[in-house]
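Reader: Hey, I've just opened this one and haven't seen it before. Could you walk me through it?

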Amino acid sequence: MAKIVNSWNDWDPLKRVIVGRCDNSMIPPEEPATSEKVPVDSEMRGMWGLRPAKTVERGNECLDNLVKILEDRGVVVDRPTPLQWNQAIGTPDFRNDSMMTCMPPRDILLTVGNEIMASANSFRCRYFEYLAYWPLMKQYFDEDPDFLWTQAPRPRLTDASYKHNYYDEKITLEERLVRTANKDFVTTEVEPMWDAADLMRMGKDIFIQHGLTTNRTAMDWFQRYYPEYRIHAVNFPGDPYPIHIDATFVPLRPGLIINNPHRKLPEEQRAIFEANDWQIVEAAQPAHDEPPALCYSSVWLSMNCLVLDPKTVIVEASEVYQQEQMDKLGMNVIPCDLRDAYPFGGGLHCSTADVYREGECLDYFP
Ligand code: DAV
């Protein structure tokens, strides 16, 4: 029997990875947590349903192209099994008219060493998304005797989990920024809620973004679940829609992080990096002024790269400034055309989930 699952960070040499699929993807109906993430002027406001078939086809083409790049470099790629995401769902606590997608796997699966844990997402429409990954989890379980197959405590997601009318339609960008700066987010603290993409793994240290999708109770839960790791809360006051750390604060190799210049890590939270001689570099400007149509994410998916090893990184093909910067920072850059997959939930990092990276759990902040 082989070792299949092992990953302690986002930069060690990547050997096996999951790449999402766009099949049957939905724009989910509005619910307490999601409406906060859709900008008021977005064409997605007030609409929901199956995403247009042509866009699904094109998104899948992009992801298949990423798979080919990875496989050509000897990385083993696994794919989820899509469900009919347009089904209505219900639990004893809530009903929702549809699910969403099995893109981005990064939001759902957290790999820490030999463990892959399914997350505790705050969106009701994502409650059953983990099922798309269960066939893979079973396979890893059968083939790797050390694999820990885990599910985080499932949130109930009753109305008590959210602040209702948290934003009204007329809220200005400035007011949003005040909320972010005050760490006042749409979720309450009645239970742990978190998206895996809010966690940045760095060996003995795990940094967790407090924002629209991950609450403080989740951090408390992680510190108890992983007593041997140091859990750090981080937040980025300049982000009006703070969701996921991977278009904000992105490590390229030990000692080097790129930080979104509009979402700077506060001074007191930089201390741990500076004390350990890590360099925090402002990320290059995105090449686009607008995200593609029907996209939840910002133009900063430009930073959302997939590091293959400490010298090699995949960057979206049209993001020429980000490529140029990575090149200057000493990385070999592999461009990959992925922009038409952005509407399904994100860029290169989002679209993947780590299964195996060479290397072990190191202490980068001794
Ligand atoms: O900038 O919209 C997107 C992160 C997706 N995982 C943003 C964050």
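Author: Sure, we can go from the overall fold to a few charged pairs and one serine. Keep in mind that this is a predicted model.

Reader: Okay, how many helices and strands does the protein have?

Author: There are six helices and 19 strands in the protein.

Reader: And what does the radius of gyration say about a compact globule?

Author: The protein comes out at 19 Å, and a compact globule of 366 residues would have a value near 21 Å, so the two agree. The C-alpha trace spans about 45 × 45 × 40 Å along its principal axes.

Reader: How much of it is buried?

Author: Buried residues account for 61% of the 366. As for the surface, about 14300 Å² is exposed, with carbon and sulfur atoms supplying 51% of that.

Reader: Switching to charges: how many salt bridges turn up in the whole structure?

Author: A search finds 26 of them. Take Arg58 and Asp340, whose side chains meet with N to O at 2.6 Å. Arg58 sits in helix α1 and Asp340 in the loop between β18 and β19, so this pair ties together parts 282 residues apart in sequence.

Reader: Are those two buried, exposed or partly exposed?

Author: Arg58 has 25% relative accessibility, so it counts as partly exposed. Asp340 is at 32%, so that residue counts as partly exposed too.

Reader: Which salt bridge has both partners buried?

Author: Asp239 with Arg263 is one of that kind, as both residues are buried. Their side chains meet at 3.3 Å, N to O. Asp239 lies in the loop between β12 and β13 and Arg263 in the loop between β14 and α5, so the pair ties together parts 24 residues apart in sequence.

Reader: Which residues are linked in a network of salt bridges?

Author: Asp10, Arg106, Arg201, Asp354 and Arg357 are linked that way.

Reader: Last thing, where is Ser119?

Author: Ser119 is in the loop between β8 and α2. Its relative accessibility is 2%, and buried means under 20%, so Ser119 counts as buried.

Reader: What is Ser119 in contact with, leaving aside neighbours within four places in sequence?

Author: Its contacts include Asp107, Ile108, Arg154 and Trp194. For the protein's contacts between residues at least 6 apart in sequence, 74% join residues at least 24 apart.

Notes: Residues numbered from 1 in each chain as written. Predicted model: local features only at pLDDT ≥ 70, side-chain atom pairs only at ≥ 80, totals over all residues. Heavy atoms only, no water. Helix = DSSP H or I, 4+ residues; strand = E, 2+ residues; numbered from the N terminus. Rg over C-alpha atoms; globule rule 2.2 N^0.38 Å. Buried < 20%, exposed > 50% of the residue type's maximum accessible area, 1.4 Å probe, protein only. Contact = heavy atoms within 4.5 Å. Areas by Shrake-Rupley, 256 points an atom, 1.4 Å probe, with all protein chains shown as cover. Salt bridge = Lys/Arg side-chain N within 4 Å of Asp/Glu carboxyl O.
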